[in-house]
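Subject: The structure I promised you

Hi,

Here is the structure we talked about, with the sequence alongside. Have a look around first, and then read on for what turned up.

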Amino acid sequence: MTTKLQTMTKDVAQHRDEIIERMVNFSLTDTLLFRSPDAAELIEEERKIWDPIVDWAKECMEADYVPSESLEIPLENNASLPRLQVFLEGLSDKELAAFYEASRITKSVLLAAALIRKRLTAEEAFKAAFLEEIWQADKWGHDEEADKRREVIRQELADVEAFLAD
C-alpha cells in the first residue's frame with residue numbers, strides 16, 4: 001500500500017484541483033450523513049459514533065454538515081462545500097493522497113479528514129465506516145467472506161495511517 005500511496009502522491013501533485021473538486025462533491029454523499037431510519041438500536045449507535053465526528057468537522061473545518069434519515073441530500077450541506085475545499089487545499093500532496101485513499105475506503109470525507117488530522121486512529125475510522133455492516137453481522141450472523149473483506153479494508157486503513165506517520 002505504501003508504494004501505491006507514494007505513486008498517488010505524485011499523481012496528486014499533477015491533479016490537485018481535480019482531486020479536490022471530486023472530494024468536495026463526494027462529501028455530499030458521505031456515509032456519516034445518511035442514517036438508518038428503521039432500527040432504533042442502530043440509530044443510537046450511529047449517533048454515538050458518528051455525531052462526534054460530524055461535530056469535530058464543524059469545529060475543525062467549520063463545515064456544518066447535516067445528517068439525514070432519508071436518501072435526500074440536505075440542501076444545507078452545500079454551504080459546507082467551500083469550507084471543505086479550503087481544508088483540502090491546505091493539505092500537502094502526501095496528506096491529500098492519504099485523504100483520497102481513506103475517503104475511498106471509508107466512503108467518508110469526514111472520517112478521512114479525522115484520520116489525516118489524527119482525531120481518529122485507523123481502527124476507529126474503520127469501526128465508524130463499517131458500523132452498520134458490523135452491526136448487521138452481529139445481529140443476523142457473520143459471513144466469512146464479508147469478514148475477510150473487512151479485514152483487508154482494516155489493513156488498508158492501517159497502511160494509510162502508517163504512510164502518514166512516515
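Let's start with a single residue, E62, which sits in the loop between α2 and α3 (81–89). Keep in mind that this is a predicted model. Is E62 buried or exposed? With a relative accessibility of 56%, E62 counts as exposed, because the cut-off for that label is over 50%. Leaving aside residues up to four places away in sequence, E62 touches A57 and R83. Try finding S80 as well: E62 and S80 are 18 residues apart in sequence, yet their C-alpha atoms are 7.5 Å apart in space.

The backbone of E62 deserves a look too. Its phi is positive, about 55 degrees, although E62 is not a glycine. Most residues other than glycine have a negative phi.

Where else does a positive phi turn up? One place is K118, also a residue other than glycine, with a phi near 60 degrees. You'll find K118 in the loop between α5 and α6 (122–129). K118 has 64% relative accessibility, so it counts as exposed.

Now step back from K118 into the helix that comes before it, α5. How many residues of α5 (109–116) are buried? Eight of its eight, so to speak the full set: V109, L110, L111, A112, A113, A114, L115 and I116. At the N-terminal end of α5, S108 acts as a cap, with a side-chain oxygen 3.3 Å from the backbone nitrogen of L110.

V109 also leads us to another spot, S27. This serine lies in the loop between α1 (2–26) and α2 (40–61). S27 has 0% relative accessibility and therefore counts as buried; the cut-off for buried is under 20%. What does S27 touch, once residues up to four places away in sequence are set aside? Its partners are L33, Y65, L81, L84 and V109.

S27 has polar partners as well. Its side chain makes a polar contact of 3.0 Å with the side chain of Y65. In addition, a polar atom of the S27 side chain lies 2.6 Å from the backbone oxygen of V24.

Now for the whole protein. There are eight helices and zero strands, so the pattern along the sequence, by the DSSP runs, reads α-α-α-α-α-α-α-α. The radius of gyration is 16 Å, close to the 15 Å that the globule rule gives for 166 residues, which means the protein is as compact as a globular protein of that length. Measured out along the principal axes, or rather computed there, the C-alpha trace spans about 45 × 40 × 20 Å.

How much of the protein is buried? Of the 166 residues, 43% count as buried. The protein exposes about 8,900 Å², and carbon and sulfur atoms supply 51% of that area. Now take the contacts between residues at least 6 apart in sequence: 69% of these join residues at least 24 apart.

Last, the charges. The protein carries 21 positive and 36 negative side chains. The centres of these two sets lie 3 Å apart.

If you want a place to begin, open the model at S27 and look for its contact with Y65, then go over to E62 and its positive phi.

Cheers

Technical notes
Residues numbered from 1 in each chain as written. Predicted model: local features only at pLDDT ≥ 70, side-chain atom pairs only at ≥ 80, totals over all residues. Heavy atoms only, no water. Helix = DSSP H or I, 4+ residues; strand = E, 2+ residues; numbered from the N terminus. Rg over C-alpha atoms; globule rule 2.2 N^0.38 Å. Buried < 20%, exposed > 50% of the residue type's maximum accessible area, 1.4 Å probe, protein only. Contact = heavy atoms within 4.5 Å. Areas by Shrake-Rupley, 256 points an atom, 1.4 Å probe, with all protein chains shown as cover. Lys, Arg positive; Asp, Glu negative; His and termini not counted. Charge placed at Lys NZ, Arg CZ, Asp CG, Glu CD. Polar contact = N/O pair within 3.5 Å; in protein donor to acceptor, adjacent residues only side chain to side chain.
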